[in-house]
Structures are given as structure tokens and as C-alpha cells.
Amino acid sequence: MFQPEPYLKTLFYRLREDGFNLSVREYFSALDAIAEGWGTQNKKDFKKLLRLLWCKSAEQQEHLELIFDTIVVESEETVEITKEKSGKSQEDVKNDKINSDSSLTVASSTSIETSPMVTSKPAIQDLSPLAVTTPQAIQEYDNDDEFNTHYPISRRFMVYSWRYLRRPIADGVRDILDIKMTVEEATKQGFFLQPVYRRREKNHAHLLILVDQEGSMTPFHHFSKDLVETAQYESSIEKVDVAYFHNLPAEYIYQNRFLTNKVALETVLSQCDSETRVLIVSDGGAARGYRRRERISATTEVIWEIQQHTNLIAWLNPVPQLRWNSTSAKIISHLVPMFPMNNEGLIQAIATLQR
């Protein structure tokens, strides 16, 4: 069975150097397909798999054919030639040497008999290059930093952190034994009649998450998606509303992450009260290092509108805090508490919303 793994990384780097628009996602897609058994039968199947995953035009397919033959086919031919040479037994090598020496001896004795007065000269061996293809060495790449995925915050930690966002109200079932009140009632009556129960507390917290989508936030979609899903389905928060926007929450925002279902911002804010927590997830222009007056003024207006309904606002920025300087995010951080999207930042944001 063909083993494509040794050639995959070399082909990936070589095609990127030649202009293929390949990211780490395409590399891992090919790796997952190989793990499932695709492209492992022979070289032809492996080439077909790479054409399906990495090529977007006929020109790219032709270029892949050339690079594939250069790296994979020629490397295997070189390995076969090496095996053939190494497979020759020592006995054959010894016999070849004896035959060569005997032929040289016969040739020299014949020349001496035919011309005894002429000093014999050493025979000059006719040398010619061997028709051996130059091997294409498989290049090893030591720097694989781009294949190491960095997770600033894990999904498990998100689930754990949402436990601290609470608004407890004792309006549940009356099934919790109140020892203190039971003792007081028994003391007043002089005897124990029945236990006293109090109502179970429920978490009536209302959370509104405003998520920046697409553009410079595209690399962070995975984390924002986990943040929304853990709040909606893996927390005890009673009500979680989610809205999406692009760059800044303007007059209209969207109810899905594909930015197709438009709704007015005022309609969403009308469902909020003074106990509603609002969490904004955006880079604030820090991802690309922008500092634009229009974005700052528009964001200021939106924050002012939110503050007309609630003052429990926090901002999560997926870009490290060191990159906020000289960007719009630095100025926005003075208007609303802004925290980096990591373990400590999420805990501080929730603590801010819990005040």
C-alpha cells in the first residue's frame, strides 16, 4: 500500500511557493482524508485526492502534475535504483572484479608479445556517465509553527465561566429545608410540628451577546461561535439573545451569523431592562491596526444607546492587548470595559457584567 504522508508536507510547501492559495485548513483536510483511507492505494489515487482538495483550475491541475512527478515519482525511482544496487551480492561483486582483472592481464600480455621493443603504456579506461536520474531529495521543514493551532480560550473554560453570571431569584419549588426557620418555629411553639421549607432559587439572568462577524474577525469565528453556543446551550442562564454585526453595530443588526436576517438595533434593545447584561465581541479595529474617527464616533453612539437601557456592558477583544495601542480599540476601551479574549479576560468580563 502506498504511504503518502512523507510527501504531503513537501508538496504543500512547494505548491505554496509556486503561488497556490493554500492554508493550514487545506493541509489538515488532506491529512484527514488520508487517515480515512483516501489516496493510500497508489500514487494515482494520491494525486487525484490532491487535485480535488487543492486545485481550483485546469492550470493548477497541470502544475500539480509536474510538481507531483518531480517529487513523488522521481523519489520512488531513486529508491528502487538504490535497492537494486544494494541488492547485488558480495559474490557477484567479487566475480566482476576477478573478470575485470583477468581481462586487463590478457590485454597487457598480448601487447607485450606483439611489440617487445615498445614500452607498454597503462591502458586508459574509457569512462562515460551513467544514465541515472538525479534524485529529488525530500525537503524537511523544521519550522512548523503554522501547523500548531493556538487556542486563547477553550470551550470547556467558557462553560465553567458562565456559571458565575447569575441573577438568582427565589421563585422555584418550595423544597429546600430551612433549618434556621425550622428551629425558630419550634422554639416559638415549644415543640416541633413540621419543618419549614423555602423556595429554590432560579437563575433569571438575561444576556445579550453582540458578535462582530466577517472581515478581520474571520480568524476568530471559531471562538465566537463557541462563546455563543456555550452560553445558549451549556449554561444556566435563563435567556440568551445573540445578534451579529459587521465592524460596528449600526442602526440594523442581524439575527444569524451569515448576516442575512436583518433587524433594527432598537428592536433588540427594547427587550432589555436594567438587569440585562450586554457582551460585545469585536476586535475594534485592532486586528488590522486601524484608527478611524468614523468607527469610534459610531461605536460611541451605539454604546450610548445601550446605556439608555442598561449599564451592565463589557467588551471582549480577541486581539492581544498589546496590539490595541494606536488603534480604535484603545479609545473604545475608555468608553466601555474591554478585556482580551483569554481565560482571565473572560472572568473579568463576567465579573463586570455581574456587578
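Select Lys262 together with Tyr252: the charged end of Lys262 sits over the ring of Tyr252, 4.8 Å from its centre, where a charge is taken to sit over a ring if NZ of Lys or CZ of Arg is within 6 Å of the ring centre and within 35 degrees of the ring normal. Move next to Tyr290, whose face is covered by Arg292 at 4.3 Å from the ring centre.

Before going further, keep in mind that this is a predicted model, in which local features need pLDDT of at least 70 and side-chain atom pairs count only at pLDDT 80 or more, while totals for chains, interfaces and linings use all residues. Residues are numbered from 1 along each chain as its sequence is written, and side-chain values use heavy atoms, with hydrogens and water left out.

Now show the whole chain as a cartoon. The protein chain has 12 helices and 9 strands, these being DSSP runs numbered from the N terminus (helices H or I, at least four residues; strands E, at least two). Of its 355 residues, 35% count as buried, with buried meaning under 20% relative accessible area, exposed over 50% and partly exposed in between (1.4 Å probe, protein chains only). Among contacts with a separation of 6 or more, 72% come from residues 24 or more positions apart, a contact being heavy atoms within 4.5 Å.

Turn to the aromatic rings. The whole structure holds 7 aromatic pairs; rings of Phe, Tyr and Trp (its six-membered ring) pair if their centres lie within 6.5 Å, and planes under 30 degrees apart count as stacked, over 60 as edge-to-face and the rest as tilted. Select Phe12 and Tyr27, an edge-to-face pair with 5.3 Å centre to centre and 65° between the planes. This pair links distant parts of the chain, since Phe12 belongs to helix H1 (residues 5–17) and Tyr27 to helix H2 (residues 24–35), 15 residues apart. Adding Phe28 brings in another edge-to-face pair, Tyr27 with Phe28, at 5.7 Å centre to centre and 75° between the planes. Tyr27 is buried because its relative accessible area is 8%, whereas Phe28, at 29%, is partly exposed. Extend the selection to Tyr13 and Trp54, and one aromatic cluster of Phe12, Tyr13, Tyr27, Phe28 and Trp54 is in view.

For a surface feature, select Leu177, Ile179, Val183 and Tyr197, which form a nonpolar patch with about 390 Å² of accessible area together. Ile179 lies in helix H7 (residues 179–189) and counts as exposed because its relative accessibility is 59%.

Continue to Lys239, in strand S4 (residues 239–245). Lys239 is partly exposed, at 37% relative accessibility, and, leaving aside neighbours within four places in sequence, Lys239 is in contact with Ala205, His206, Leu207 and Gln271. Asn203 is 36 residues from Lys239 in sequence, and their C-alpha atoms are 9.4 Å apart.

Finish with two backbone positions. Most residues other than glycine have a negative phi. Asn247, however, has a positive phi of about 70° although it is not a glycine; Asn247 is placed in the loop between S4 and strand S5 (252–254) and is partly exposed, with 29% relative accessible area. Ser326, also not a glycine, has a positive phi of about 60°. Look for Ser326 in the loop between strand S8 (313–317) and helix H11 (328–332), where Ser326 is exposed, with a relative accessible area of 56%.

Notes:
Patch = residues over 30% accessible without salt bridge, like charges linked within 9 Å, V, L, I, M, F, W, Y side chains within 5 Å. Areas by Shrake-Rupley, 256 points an atom, 1.4 Å probe, with all protein chains shown as cover. Salt bridge = Lys/Arg side-chain N within 4 Å of Asp/Glu carboxyl O.
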